[in-house]
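Please look at the chain shown here and follow it from single residues outward to the way its parts meet. The paragraphs after it take the places one at a time.

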Amino acid sequence: MFAFLQVYSIQAVLPVMMVDFSATEVQAGMIVGATVLAIAIMSPFLGMLSDAVGRKSFIVGALLFLAIPTALIAQSSSIEWVGIWRFMQGLSVPGITVVTIAYIGEEFEGRAMTDLMSFYVSGSVLGGFMGRFLMGHLHELIGWRDGYYVMTAMTLLGAIWVGKMLPSSRHFEANPNFRSAIQTLGEHVTNRYVVTACLLGACVLFSLVGCFTFINLHLADKPYELGTGALANIFAVYLLGVIITPLSTTLLRRFGSARTVRVAIIISMIGVLLTLVTPLWGVIIGLAVMSSGVFITQSATISYIAVNVKKGRSLASGLYYMGYYTGGTLGAWLGGIAYARGQWSLTVWLLLFVQVLALLIASFGMIKTTRRAT
């Protein structure tokens with residue numbers, strides 16, 4: 001939750017920042033994508049470093065570092081400086097996310113691991129919601145700059161809490177051999193499980209970032225003209241993911257990863273189409289349906305890679321997140337271009353195109369590994 005508290009918080013105040021800094025839609029998309037890009041770049045490297053150093057110290061240290069650029073966003077004098085500090089935020093996030101997935105994979109197995117992976121995704125969903133929700137309302141109360149100081153304090157409290165409460169690793173075995181790590185990397189990039197998960201993850205975050213970044217601009221414009229508080233409230237649809245994701249483990253055990261993912265993607269596509277309707281309540285239902293499908297897909301994909309990859313788990317998680325966040329970066333960039341040229345309707349068709357790709361990847365990449373992944 002504390003990792004994702006900062007990643008998308010800026011989305012709720014994006015329309016305000018565009019006015020404050022006279023920014024274009026593409027620039028707005030790229031300050032969202034800056035954090036996502038940094039996560040994509042750093043994920044495999046921090047995974048390799050964690051395999052050599054350890055888990056808990058890495059997670060706590062990454063949280064402490066995350067507080068620094070979060071505070072500096074509040075002092076930004078231009079949209080470019082916001083982008084720089086957002087990029088710095090992203091450098092630390094894989095130290096929390098990638099390492100936590102490896103930690104769960106080492107400390108638990110079987111049903112316990114599947115359950116905890118779904119709770120991990122629920123925590124990330126909760127963090128994504130809380131970041132957007134808090135920033136939207138903090139801006140209305142004290143302005144977005146002071147709001148980021150509050151977010152900084154929350155991150156520091158999170159680091160202290162995790163340092164106190166997270167049990168130390170019992171089954172971690174250090175692998176400081178860089179040559180061995182490179183060999184493992186070579187094995188992973190030719191591993192069907194890892195490659196399929198990475199491609200699927202890229203499509204998932206492309207859809208999520210593209211949708212929830214530019215729906216804000218759509219709803220801040222006519223005929224809706226919503227303020228930051230109202231936009232923040234709409235992100236409450238994210239909370240469905242906290243409920244749905246743990247329930248997805250039942251679907252995974254019964255139907256396997258491939259079938260679950262295919263159905264979830266189709267649900268997500270229906271949700272995206274629903275956002276084209278005019279009434280605000282219809283748009284909100286569409287966002288709820290779309291995000292639910294995405295969260296089930298994400299949970300199934302993370303479980304798929306954890307179950308099927310036994311060696312170099314942290315590195316495998318790092319590669320997955322590299323693909324996942326590369327997709328998110330492209331979603332922020334291409335989504336901005338689509339919105340600038342054709343407003344929300346063209347953005348929707350871009351999202352549907354990517355979700356069709358995800359459906360093809362799930363159909364042809366995962367189908368033969370369903371039994372092993374359950």
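Ser291 is found in helix α12, and the model in which we see this residue is a predicted one. Is Ser291 buried or exposed? Its relative accessibility is 0%, and because buried means under 20% relative accessible area, Ser291 counts as buried. The side chain of Ser291 reaches the backbone oxygen of Leu287, at a distance of 2.8 Å. If we leave aside the neighbours within four places in sequence, the residues in contact with Ser291 are Phe212 and Val237.

Further along, Ile302 also has its place in helix α12, which covers residues 280-308. With a relative accessible area of 1%, Ile302 is buried. Which residues surround Ile302, once its neighbours within four places in sequence are left aside? They are Ile101, Met117, Tyr120, Val121, Tyr320 and Tyr321, and each of them is in contact with Ile302. Leu134, on the other hand, stands 168 residues from Ile302 along the chain, and the C-alpha atoms of these two residues are separated by 27 Å.

We can now turn to another helix, α7, which runs over residues 144-165 and holds Thr152. Thr152 is buried, for its relative accessible area is 10%, a value to be read against the cut-off of under 20% that defines the word. The side chain of Thr152 reaches the backbone nitrogen of Ala71 at 3.1 Å. Ala71 appears again among the contacts of Thr152, which, apart from neighbours within four places in sequence, are Ala67, Thr70 and Ala71.

The next stop is helix α1, which is mostly covered, with six of its eight residues buried. Those buried residues are Leu14, Pro15, Val16, Met17, Met18 and Phe21. Just after α1 comes Ser22, a residue that takes a positive phi of about 50 degrees.

With these places in mind, we can step back to the whole chain, for which the domain assignment gives domain 1, residues 1-165, and domain 2, residues 177-373. The C-alpha centres of domain 1 and domain 2 lie 18 Å apart, and the contact takes 53 residues from domain 1 and 53 residues from domain 2. The size of an interface is often given as the accessible area lost when the parts come together. For domain 1 and domain 2, the area buried between them is about 4300 Å², and 73% of it is on carbon and sulfur atoms.

What kinds of polar pairing does the rule find across this interface? It finds six residue pairs in polar contact between domain 1 and domain 2, both residues of each pair being at pLDDT 80 or more, whereas the number of salt bridges found across the interface is zero. On the side of domain 1 that touches domain 2, the elements that give two or more residues are α1 (14-21), α2 (25-53), α5 (94-107) and α6 (110-142). Of these, α6 gives the most, with 21 residues. Sorted by class, this side of domain 1 has 29 nonpolar, 16 polar and eight charged residues. Helix α1, whose residues are mostly buried, is thus also one of the elements that domain 1 brings to its contact with domain 2.

Note on methods: Residues numbered from 1 in each chain as written. Predicted model: local features only at pLDDT ≥ 70, side-chain atom pairs only at ≥ 80, totals over all residues. Heavy atoms only, no water. Domains from an automatic or database assignment. Contact = heavy atoms within 4.5 Å. Buried area = accessible area lost by both parts, 1.4 Å probe. Salt bridge = Lys/Arg side-chain N within 4 Å of Asp/Glu carboxyl O. Polar contact = N/O pair within 3.5 Å; in protein donor to acceptor, adjacent residues only side chain to side chain. Helix = DSSP H or I, 4+ residues; strand = E, 2+ residues; numbered from the N terminus. Nonpolar A, V, L, I, M, F, W, Y, C, P; charged D, E, K, R; others polar. Buried < 20%, exposed > 50% of the residue type's maximum accessible area, 1.4 Å probe, protein only.
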